[in-house]
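The exercises below work through a set of computed coordinates, each with a task sentence and a stepwise solution. Please keep the sequence and the structure in view while reading.

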Number of protein chains: 2
Amino acid sequence: MSFKVTILGSASAKPTATRHPSAQAVDIHEQYYLVDAGEGVQQQLVRCGINPLKLRAAFISHLHGDHVFGLFPLLSSLGLYGRRTPLEVFAPAPFGEILACHLRYFDADLPYEVVWHATDTTQHALLWENRTVEVWSIPLRHRVPCAGFLFREKEPPLNVDKFRIAKYGLSIAQITAAKRGEDVLLDSGERIPNAELTYRPYAPRSYAYLSDTNFSAKAARLCTGVDLMYHEATYAAAERRIARERGHATSAEAAEAALRAGARRLVIGHYSSRYKDESVLVEEARRIFPETFAAIEGTTFTIEKHD
Amino acid sequence: MSFKVTILGSASAKPTATRHPSAQAVDIHEQYYLVDAGEGVQQQLVRCGINPLKLRAAFISHLHGDHVFGLFPLLSSLGLYGRRTPLEVFAPAPFGEILACHLRYFDADLPYEVVWHATDTTQHALLWENRTVEVWSIPLRHRVPCAGFLFREKEPPLNVDKFRIAKYGLSIAQITAAKRGEDVLLDSGERIPNAELTYRPYAPRSYAYLSDTNFSAKAARLCTGVDLMYHEATYAAAERRIARERGHATSAEAAEAALRAGARRLVIGHYSSRYKDESVLVEEARRIFPETFAAIEGTTFTIEKHD
C-alpha cells in the first residue's frame, strides 16, 4: 500500500548541469503516475529504477516546455519498449494539437494509444479515479492556463476487530458483511452496529502538486489537511516582485501556502538557476513552515500510514 | 586554431541510465557546431562547459527522435538566454514543418531566427562554409533519409620563411604579396617563385560523422584521408543480420569503413542498450582498425595539427 513521490526534476526553465526540469513519479499502491514531464524524464525514470512501462497516466500542469518536452521522447520510447496499454494524458489545450504534430512526424505507428483528456485549469474537478486513488485538478495562477494536482487515496477497506469476532463468534459470512460496512444480525437476534465490529486501518493519504503559480490562497484551501504538498519556490522572498511578474512564487509564499493548508510536510522546487544551492530557499521556508524539504533529483518522499 | 569533437551522447534510441542519445559538439577555431541533438543535449553542453550561445549552426543527420528531440528544448532555452544571432539548422525535410509546430506552440516570440536549410541526403554537397571550414553532406544508408557530415578545415594562410625574408631583404609589401601566394619581384628584377618563399604551416584537418547507416563503401570513399571518423556501431558483428535489417552497422563494419577511408582515428558510438559495456564493440573494431576509440559522454577528441 505504497504512497511515494520521487523527484525526477527540480529546475525551472533554464537547465543546469545537475538539475533537471520539472517531473515527478507518484507511486500509489504500486501504480505509477507521472506529474509533469520536463526534458530527460525518461532517463530520470530509469535512473530512479522506475520502469516507464508501469506508468498508468501522465498529468501535465501546463504547456511550458520545461514541463512537457520530455513527454514526447518518452511516448516514442514506450513504443520501442512494446507498450500496448493505452496511456492517459491529462493536459490543457492545445495539447492535442501538439500531440498530433508529434505523432504525425515521429510516431505514426505507435503500438499503443495516447488518450488525451483536456483539463479545465479553471476548475477544481475530478480528473481520474480507480479503486485506490482520486486525482483532482487545482486551479493555479501562472502566465498560461495551469492546474496543479491533488492525489487523494480512497478510504482503505474496513478491518474487523479480532476480539469482537471471538466475542460474538462471527461466521465467515458475518465477517464479510461487516467488512462491507453492514451491521451484523446474530443468531440470537441481536443486531451489532458495524461501528462496534470494525475500524479503519489508517486514514487516507494525500499529495498536492502546485507548480507553476503565484501564491494562491484558494489553491492552498483546496489542499486543506494534505499530508505532503509540493509547491514551486522559484525565487527567494527578496525577488518577490520578479516572482509576481513571471507567475511564480517565492519560498516564503510556498511555506505560507503549506501553513494555510495545514499540510504535514512541504517540498519546494522549481528553483531558478541563479540559486546554485537551494538551501537558502529551504531555510527561508522553514522560518515559516519548519517541515520544509528540498526537491532533489532522485529523492523519494514516502507518506507513511497514520490514524 | 582548435579542432575538437566533444561527445555529448553515445546511445542509440533506447535510453540508459548513463548514456545520452546522439549529439556532438564540433569546435573548429573556437566556433561551435552541433551535430545531431538527442534529448538532453542542452544539459550535456552545459556539463561539458560549452556555452550553447556559441553555437553557429546545427547539423541534423536524420529525423529519428533520438537525433533531434533535444533540439527543440535547446531552441527555447537559447531564447531565454537572449540569443539574437540567427541559428542555421541543416536537416532533411520535413524538418521545416516540425519546426513550425514547435514555434507555433512553444516559441511564437523567439527573439532570434531559426534558419532551416533542407539537406538533400542523396547528394555529397557543400552545406556550409566560412573562412575556416567547409561542411559537406555524406549520403548514408538508413531506414529514412539520412546524411552524415564531413568537416574540412580550409587551407591555413601561408607562412613566409624567415630566412628567405632575410636572404632577399623583403619589404613588408613583398612579404604581404608572398603571403597572398604571389611570386615576388626583387628590385634587382629577379622574380622569386612563391614556393621558394612560403610554406603551409600545417595540413588542413578533417572530421567525418557517419550515423545512422548500414555499411557504405561509397560513404567511406567520400571520407578518404579523414583525420577522425565517427561511425555508428550499434551492434557487434554477431548481430550483423539485425544491423542490416534496421539500417545500422556493426562495430566490425565501422572499422572496415575507417580502414577503407584511410582514416587516422575511428570513434564508434550509437551503442545498442544491450551493451552495458561498450568495450566488446571497441575490441571487435580494433582487430580490424587498431586506432579505434569509444564515444563516451564528456570525452573530447582533439585533432592536432600535422604536416
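**Exercise 1. A salt bridge between two loops**

Is A:R200 buried, partly exposed or exposed, and what is its relative accessible area? Then identify its salt-bridge partner and place both residues in the chain.

*Solution.* The model is a predicted one, and this applies to every value that follows.

Step 1. The relative accessible area of A:R200 is 43%, so the residue is partly exposed, as this value falls between the limits of 20% and 50%.

Step 2. The side chain of A:R200 meets that of A:E155 in a salt bridge, with an N to O distance of 3.2 Å. The two residues are 45 apart and link distant parts of the chain, A:E155 being in the loop between β9 and β10 (159-160) of chain A and A:R200 in the loop between β13 and β14 of chain A.

Step 3. For the partner the relative accessibility is 49%, and A:E155 therefore counts as partly exposed as well.

**Exercise 2. Another pair, and its surroundings**

Find which side chain A:E153 meets in a salt bridge, and describe the environment of A:S206.

*Solution.* Step 1. A:E153 and A:R205 meet through their side chains in a salt bridge, at 2.7 Å from N to O. This pair, too, links distant parts of the chain, since A:E153 belongs to strand β9 (residues 147-153) of chain A while A:R205 lies in the loop between β13 (198-199) and β14 of chain A, 52 residues apart.

Step 2. Both A:E153 and A:R205 are buried.

Step 3. A:S206 is placed in strand β14 (residues 206-210) of chain A. With 3% relative accessibility, which is under the limit of 20%, A:S206 counts as buried.

Step 4. When neighbours within four places in sequence are left aside, the contacts of A:S206 include A:F3, A:F151, A:R152 and A:I303, and A:G225, A:V226, A:D227 and A:L228 also belong to this set.

**Exercise 3. A salt bridge within a helix**

Determine how A:R260 and A:E256 are related in sequence and in helix α10 of chain A.

*Solution.* Step 1. The side chains of A:R260 and A:E256 meet in a salt bridge, with 2.9 Å from N to O.

Step 2. The two residues are four apart in helix α10 (residues 251-261) of chain A, and therefore about one helical turn separates A:R260 from A:E256.

Step 3. A:R260 counts as partly exposed at 49% relative accessibility, and A:E256 is also partly exposed, with a relative accessible area of 27%.

Step 4. To set these pairs in context, the count by this rule comes to 22 salt bridges over all chains.

**Exercise 4. The interface of the two chains**

Describe the interface between chain A and chain B by its extent, its contacts and its symmetry.

*Solution.* Step 1. In this interface 33 residues of chain A are in contact with 33 residues of chain B. The area buried between the chains is about 2,700 Å², and carbon and sulfur atoms give 66% of that area.

Step 2. The rule finds zero salt bridges across the interface of chain A and chain B, whereas 12 residue pairs are in polar contact between the chains, with both residues at pLDDT 80 or more.

Step 3. On the side of chain A that touches chain B, the elements giving two or more residues are α1 (41-47), α2 (65-68), α3 (71-80) and α4 (95-106) of chain A. The most comes from α4(A), with six residues. By class, this side of chain A has 17 nonpolar, 11 polar and five charged residues.

Step 4. Chain A is superposed on chain B by a rotation of 180° with 0.0 Å of shift along its axis, at an RMSD of 0.1 Å, which means that the relation is that of a two-fold axis. The C-alpha of A:G40 is the one nearest the axis in chain A, at 2.9 Å from it. The same surface serves both copies, for 100% of the contact residues of chain A recur in chain B.

**Exercise 5. The chain as a whole**

State how many helices and strands chain A has, and what share of its residues is buried.

*Solution.* Step 1. Chain A has 11 helices and 18 strands.

Step 2. Of the 307 residues in chain A, 58% are buried.

Step 3. Among contacts in chain A between residues at least 6 apart in sequence, those that join residues at least 24 apart make up 66%.

Note on methods: Residues are numbered from 1 along each chain as its sequence is written. Chains are lettered from A and ligands numbered from 1 in the order in which they are written. This is a predicted model: local features need pLDDT of at least 70, side-chain atom pairs count only at pLDDT 80 or more; totals for chains, interfaces and linings use all residues. Side-chain values use heavy atoms; hydrogens and water are left out. Contact means heavy atoms within 4.5 Å. Buried area is the accessible area (1.4 Å probe) that two parts lose on being put together, summed over both. A salt bridge is a side-chain nitrogen of Lys or Arg within 4 Å of a carboxyl oxygen of Asp or Glu. A polar contact is a pair of N or O atoms within 3.5 Å; within protein, one must be able to donate a hydrogen and the other to accept it, and residues adjacent in sequence count only if both atoms are side-chain atoms. Ala, Val, Leu, Ile, Met, Phe, Trp, Tyr, Cys and Pro count as nonpolar, Asp, Glu, Lys and Arg as charged, and the others, Gly among them, as polar. Copies are superposed by least squares on the C-alpha atoms of residues with pLDDT of at least 70 in both. Buried means under 20% relative accessible area, exposed over 50%, partly exposed in between (1.4 Å probe, protein chains only).
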